[in-house]
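Here are some short questions about how labels are earned. Each answer sets a value against its rule.

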Amino acid sequence: MAAYIARRLLWVVFLLFTITCITFVIFSVLPSGDPAVARAGRSPSPQLVEVIRVQLGLDKSKPEQFINYIGDILPFVGGNGIYLGFSYQNNTDVLPEILERLPVTIFLATGAVILWLSIGIPLGVLSAVKTGSALDRIAMGIALLFISAPVYFFGLVALYLFDDQIGIWPILPGNSAYGEADSLLGKAEALIMPWCVLAAAFAAIYARFLRGNLIDTLQEDYIRTARAKGLSERRVIFRHGVRAAITPIVTLLGLDIGILLGGAILTETVFNIPGIGRYAFNAITVSDLPVIQGTVLFGAFFIVMMSLIVDILYAFIDPRVRY
Amino acid sequence: MGAPLLEVENLKVHFETEDGLVKAVDGISYTVDRGQTLGIVGESGSGKSVSSLTVMGLTRSRNARISGTVRFNGKDLLGASEEDMRSIRGNDIAMIFQDPLSSLHPFYKVGAQIAEGVRAHRDVSKAQAWDRAVEMLSLVGIPEPRKRADAYPHEFSGGMRQRAMIAMALANDPKLLIADEPTTALDVTVQAQILELIERLQSEFDTAVVVITHDLGVVAEMADEISVMYAGRIVEKADTDTIFAAPEHPYTWGLLSSIPRLDASRDEELVPIPGRPPSLINLPGGCSFHPRCPYVREAHKKVDPKLEPVAGNPGHQSACLLDSSVRRKLWSELRTGVKPDEARADVMAAEEKAV
Amino acid sequence: MSIAASETSGSAPVAGEKIMEVDGLFKHFPIHAGFFRRQVGAVKAVDGISFDVMRGETLGLVGESGCGKSTTARLLLRLMAPTDGSIKFEGQEIADAKGPELKALRREMQMIFQDPYSSLNPRKTVGSIISDPFVIHGMHKEGGARKKAVQELMDIVGLNPEHYNRYPHEFSGGQRQRIGVARALALKPKVIVADEPVSALDVSIQAQVLNLLRDLQRDLGLTLIFIAHDLSVVRHMCDRVAVMYLGRIVELATSDQLYSHPRMPYTGALMSAVPVADPRLAAAKKRQVLTGDVPSPTNPPPGCRFHTRCWKAQEICRNEDPPLEPKDGGNLATCHFPLTDAEVLERVPTARNVES
């Protein structure tokens, strides 16, 4: 097990390095706005742009820029810890900015995860047990709707209907409410709509996934054995069926959490929530390379780590898995 | 002798599907006495598994149409409530299956799976149930049972898994054990171990056994009585010696001559049954075996044969439209190595002469 | 049938001529562990076997799951490379054949698989499945000739040539196995390896396929290597039989000799374990039930590999590995204490049959 984890961690480092390379190539080799011009402000003199160029190290060759960038990231090189560069736009270090936004993103993600699990799982089980019933058909129809509709569309519809400023039924705090709220309860209230919007699609995916899995599982020989033992139907379905059918959901959940911790870009943008996602979105609109690279790397880190955690967890939930 | 332990009467299990009505089991009757072993032989699709799952109340498909009667210890099972059936399953009637790996839950320890079955029917503590599991594992010959109870199914070998399944099935001292292809997935030396084990436990606890298999060798070694199934019906039924020594149905003959036998000459030709089993949706009219039967006559395509006692042996029943004397002639010819075609020609000629 | 037969007439069966020679064949599958994936052991699937295959014979390989019989088959066909040892086909070393040499070899040897459901591509017509070998080896290039050749093959294996354009799912299990046989025959190979060809089929269908294989083998003068776990089927099909246990051949003899006078206790146990479809014989025989399970092929027991389950084992069996050598009756067997005739008679139904 230890050897397995060690090898996987090595793999994580390699993966993050590759991702860094790719983002660097995409954003600095491919043509985009000149960061020095963007930073220099309105109608700058050529001299000023040139000074900024030197300041940012943009006068150096691309490979040199890349080596410097990598050197800054590595915690034991250059004596500056993990350094993700600083934002061209705001003139601030990237890492502290990300860390400052992290709690917001975690808050958003946690609430959404709890919400979609507590809706998706019971719905999936119910639909599987009552396959073909009216309940199953209605639930799966609605699920399909939620999966098909993009979050930004849904978010806007939600705002249009329920926003306390502009909504038809103004019952929930909506756009920008998070930034304005000062108490934890207020922030939570501001997140009700984003949580629901974000969780809707996931709940639908999880319900469908679990339903399919459970229907297959209930055909398994060991379910027949459980019934042949004379167990109650409830025990057959939950202890034997759901226990096996729900296991692959751990993989799904791990990756989804990883993705969300990297920032729920669309939800955060639609609802104007000051998390990592919105930070990344703003950076993209102004070609703020260090921020883009920082947030991409951060997001990738979460995904890779979560998938490692999932694989380790598997050894505990499925006795057949051994490393 | 009192009433039989299990009485199945005119059991029909039909499934409504989009393609039509699938007559998986189409009116079968049999009885099993205490301590007796009944063998049900048939190929895939003959209805042998469906019928016993129905006895257990495990035919759950919503489109299943079940009729007839199943009485266990005098109690009607088809009309019993789900709760009553639950208290019988795994308690009075237990079942073991073909593939012990897929039949055991991969996530739970073997001991826990046995103990769970005990607690479903007995008001005992977890520790007592666990002790019973260990006791059962030891009874079925698993070494170091206390340690092995703590292991998962994938850590067992194939034979050990089937032993564990048997331990689970017998944990509540059932009166009837249904074994559905219990050794098909196992190697031959392991198969011998499992057959030996079932026989030993059966005589020890006077359990009745229904063994369902396609393997004539297995029933020859285990069963007291044999029912041969074809296309959802029982086509022949007799005590084991009679089935092998004096069978009276062409399908049984076909089965017996299509397997290479260790006790016959090596050069003996196998005589396959031509064609393939019929679709259960569109059964052939008349005798459902007639398209594959070498001795078919025009009338057999219209008249549906009933399972009737053969002359001189009321315990021996056969569903064949040929005259009993003709059947006996045919079988004695087949036994001496005559091919079905030649045998038919001979017998037909003899018959014409008689007329 | 005549067409194929006439074309192979150049290699008509010659009694006693070796078509394949296997010497000291090993196949170990390495097991890796630890941070650097060091090799910590090996599954010794085939662990030093030697035997010859005679031209035109049917050689049986029997044994329980994990004994290495399927691995041996794949090595013979060079579907995998051996760890060590020599395989000669018509005198030519093929153990290390590669590329074009291997491709040429494929025309000489073909395989029939166990599962007629999964070994046929469901999206291809039967015609294109059977003609695949022609395409790969660039034979019968003109479209018409290819179709004609395929239909001849279908006729040989007892399929209706008019079903050329049907898909595998339209056929029953037995017919699908016939398709597999036709595909294997397409290149007119000299050797065919059949790996459990009937174990997935219903009893009444098995006999159809067995008869087909036996007829083809005789009519086309094929060399057939027949792998099965069903001892009755092997006896019916094979001229000679090799019994395998834990990666080794433990007994090798002609079918008649093996089934009437097995010498290795393991062979005797196998035969006594087969359920006989005759209640009187079944009641009369003593079932030799082996205790325990087959040991792990990763760590086979020292001495005779069978000693952990053998009721005749003594001190020497635990220490000395017996060689495969002729025993009384002519069987080759690896045993320090071969079965006596009395022991055989008690346990083996076929011995009783021969005596009476």
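**Labels and their reasons**

Q: What makes up domain 1, domain 2 and domain 3 of chain B?
A: In this predicted model, domain 1 of chain B joins two stretches, 1-92 and 174-261. Domain 2 covers 103-170, and domain 3 covers 262-354. The C-alpha centres of domain 2 and domain 3 of chain B are 47 Å apart.

Q: Why does Asp84(C) count as exposed or buried?
A: Asp84(C) has 12 C-beta neighbours inside 10 Å. The cut-off for exposed is 12 or fewer. Therefore Asp84(C) counts as exposed.

Q: Where does Asp84(C) lie, and which residues does Asp84(C) touch?
A: Asp84(C) is in strand 4 of chain C, residues 84-89. Leaving out residues up to four places away in sequence, Asp84(C) touches Gly24(C) and Phe26(C). Contact here needs C-beta atoms within 7 Å.

Q: How do you know which elements of chain A have the lowest and the highest mean pLDDT?
A: Compare the means. Helix 2 (residues 35-40) of chain A has the lowest, 72. Helix 10 (residues 221-228) of chain A has the highest, 95. Chain A as a whole averages 86, and 97% of its residues score at least 70.

Q: What makes up the contact of chain C with chain B?
A: Chain C brings 39 residues and chain B brings 36. Helix 7 of chain C gives the most to the chain C side, with 8 residues. That side divides into 19 nonpolar, 13 polar and 7 charged residues.

How values were computed:
Residues are numbered from 1 along each chain as its sequence is written. Chains are lettered from A and ligands numbered from 1 in the order in which they are written. This is a predicted model: local features need pLDDT of at least 70, side-chain atom pairs count only at pLDDT 80 or more; totals for chains, interfaces and linings use all residues. Helices (H or I, at least four residues) and strands (E, at least two) are DSSP runs, numbered from the N terminus. A residue is buried if 20 or more other C-beta atoms lie within 10 Å of its own, exposed if 12 or fewer, and partly exposed in between; C-beta atoms are placed from the backbone. Two residues are in contact if their C-beta atoms, placed from the backbone, lie within 7 Å. Domain bounds come from an automatic or database domain assignment. pLDDT is the predictor's confidence in each residue, from 0 to 100. Ala, Val, Leu, Ile, Met, Phe, Trp, Tyr, Cys and Pro count as nonpolar, Asp, Glu, Lys and Arg as charged, and the others, Gly among them, as polar.
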